[in-house]
Structures are given as C-alpha cells and as structure tokens.
Amino acid sequence: MVRTVYYVAASMDGYIADADNSQEWHRDFSGAEGQDTHFREFLDRVGALVMGAGTYGSFQAAGPESWAFGRTPTWVFTHHEFPGIAGADITFVRGDVAEFHPDIVDDAGDRDIWVVGGGNLAGQLMDQGLVDEMVLTVIPVALGSGRPLMPVTKATEPAALVASHALGQGLMQLHYDFGRR
C-alpha cells in the first residue's frame with residue numbers, strides 16, 4: 001500500500017527554515033550518527049516525490065548537480081514557471097493537492113510518496129487527510145521564527161508514535177503514523 005510520508009527536519013520550536021528562509025542552521029548537524037542509516041532505509045521505500053515551489057527552487061538555485069533523485073517521478077506544486085532538470089521526471093502542477101494525489105500514487109507504484117520539504121504543501125496535504133506518516137527529525141536549535149513545520153488550517157486527529165530514535169549531536173527522530181490511533 002502506498003503511503004504519503006512527510007520526512008522532514010525541524011528546529012525544536014517547529015521551524016523548517018529560519019526567518020531568512022535559510023536552512024544553513026541545520027547543516028552543522030548533517031552526518032549525525034545514525035541519521036544516514038535511517039535516511040537510506042527511508043529512501044529505499046520511495047517511489048515518487050512531491051514538493052512545493054520553494055523546495056524545487058532551492059534545487060534550481062543550487063544547480064542541476066544538486067538533484068539527487070534521478071528519474072524518480074517528482075510532482076512540483078507551483079504557480080511559477082520553472083525549467084526542468086535534464087534527465088529528471090518532473091511534473092509541474094497547479095491546483096488542489098487532492099486532485100493530483102491519485103496520479104502521484106499511481107506514479108509511486110507499490111512504493112511510498114515522499115513529501116520533500118515545503119511545510120505549506122505538507123499542511124495542505126494534512127488538511128486533506130493525505131499524509132499517512134511523518135518522520136520528524138528534531139534539531140536541538142530554537143529559531144524563534146521562520147517557516148513553520150506544517151501550517152495546517154484545522155486540528156488533526158492524534159497520531160500514533162510508532163518509533164523514536166536518538167541520533168548523534170542531540171537529534172531526535174520521531175516516526176508518527178496518522179492511520180493508527
């Protein structure tokens with residue numbers, strides 16, 4: 001069964017980017033003990049990606065060599081015009097996430113969908129009841145403001161904590177399932 005998974009890192013006060021929309025503050029934590037192992041295991045489950053314009057724009061700004069997803073089907077929700085990336089399978093869409101979700105599920109095959117960054121997009125998916133899991137790595141830094149982890153417009157049902165892992169450098173990874181209550 002295909003699951004839609006928001007796999008993300010956030011500050012301990014709930015931000016995925018700082019007030020300047022930068023994620024440089026968490027680069028010091030990359031490579032923390034255990035982080036790569038959990039991420040590789042997760043990537044083995046991924047059959048399609050979904051992201052917002054800001055996340056895709058960061059790959060554009062970093063250059064085509066930053067695209068590490070090969071030909072994994074990728075859906076970008078945007079109101080902007082972006083060039084594609086040579087060799088990548090990218091579909092640009094505008095509209096309600098629920099309208100496109102069945103097509104994204106088809107692209108994923110028997111694997112999962114990764115919501116890559118983009119708290120706003122994750123919030124929209126959550127509001128529509130389309131996020132099945134969230135794997136949240138909490139970074140031990142407080143930012144005070146910035147881009148929120150998942151700005152929803154309504155309260156969710158409680159999620160079940162199915163796993164937690166202490167990683168190096170004070171990171172904590174929490175794995176929630178929204179279908180198990």
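The exercises below, each with a worked solution, concern a predicted model of one protein chain.

Residues are numbered from 1 along each chain as its sequence is written. Because the model is predicted, local features need pLDDT of at least 70 and side-chain atom pairs count only at pLDDT 80 or more, while totals for chains, interfaces and linings use all residues, and side-chain values use heavy atoms, with hydrogens and water left out.

**Exercise 1. Overall fold**

Describe the secondary structure of the chain and decide how its radius of gyration stands against the globule rule.

Solution. Begin with the elements, which are DSSP runs numbered from the N terminus, helices being H or I runs of at least four residues and strands E runs of at least two. The chain holds 4 helices and 10 strands, and along the sequence these are arranged as β-β-α-β-α-β-β-α-β-α-β-β-β-β. Next take the radius of gyration, computed over C-alpha atoms, with the globule rule being 2.2 Å times the number of residues to the power 0.38. The value for the chain is 16 Å, close to the 16 Å that the rule gives for 181 residues, so the chain is as compact as a globular protein of that length. The C-alpha atoms fill a box of roughly 40 × 35 × 30 Å along the principal axes. Finally, consider contacts, defined as heavy atoms within 4.5 Å: of those with a separation of 6 or more, 71% are between residues 24 or more positions apart.

**Exercise 2. Burial and the nonpolar cores**

Identify the residues that touch the most other members of the largest nonpolar core, and the elements that contribute two or more residues to this core.

Solution. First fix the burial classes: buried means under 20% relative accessible area, exposed over 50%, and partly exposed in between, with a 1.4 Å probe and protein chains only. On this basis, buried residues make up 44% of the 181 residues. A nonpolar core is then a set of buried Ala, Val, Leu, Ile, Met, Phe, Trp, Tyr and Cys residues joined through side-chain atoms within 4.5 Å. The largest has 27 residues, of which Tyr 6, Val 50, Phe 77, Ile 104, Leu 125 and Leu 149 touch the most other members. Two or more residues come from each of β1 (4-11), β3, β4, α3 (97-108), β6, α4 (119-127) and β7 (133-139). A second, separate core has 17 residues, including Leu 49, Phe 69, Ile 90 and Trp 114.

**Exercise 3. Helix α2 and strand β4**

Work out which strands the buried residues of α2 pack against, and then examine the surroundings of Thr 74.

Solution. Helix α2 spans residues 53-62, and its buried residues are Ala 53, Thr 55, Tyr 56, Gly 57 and Phe 59. These pack against β3 (46-52), β4 (74-77), β5 (90-93) and β6 (112-116). After the helix comes Gly 63, whose phi is positive, near 100°. Turning to β4, this strand contains Thr 74, which is buried because its relative accessible area is 1%. Leaving aside neighbours within four places in sequence, Thr 74 contacts Leu 49, Met 51, Trp 67, Asp 89, Ile 90 and Thr 91.

**Exercise 4. Salt bridges around Arg 45**

Trace the salt bridges of Arg 45 and classify the burial of Arg 45, Asp 112 and Glu 133.

Solution. Side chains of opposite charge can pair when their charged atoms come close. The criterion is a side-chain nitrogen of Lys or Arg within 4 Å of a carboxyl oxygen of Asp or Glu, and by this rule the count comes to 6. Arg 45 meets Asp 112 at 2.8 Å, N to O. This pair links distant parts of the chain, since Arg 45 lies in the loop between α1 and β3 and Asp 112 in strand β6, 67 residues apart. Arg 45 also meets Glu 133 at 3.1 Å, N to O, with Glu 133 in strand β7 and the partners 88 residues apart. For burial, Arg 45 is partly exposed at 29% relative accessible area, whereas Asp 112 is buried at 7% and Glu 133 is buried at 6%. Through shared partners, salt bridges join Arg 3, Arg 45, Asp 112, Glu 133 and Asp 177 into one network.
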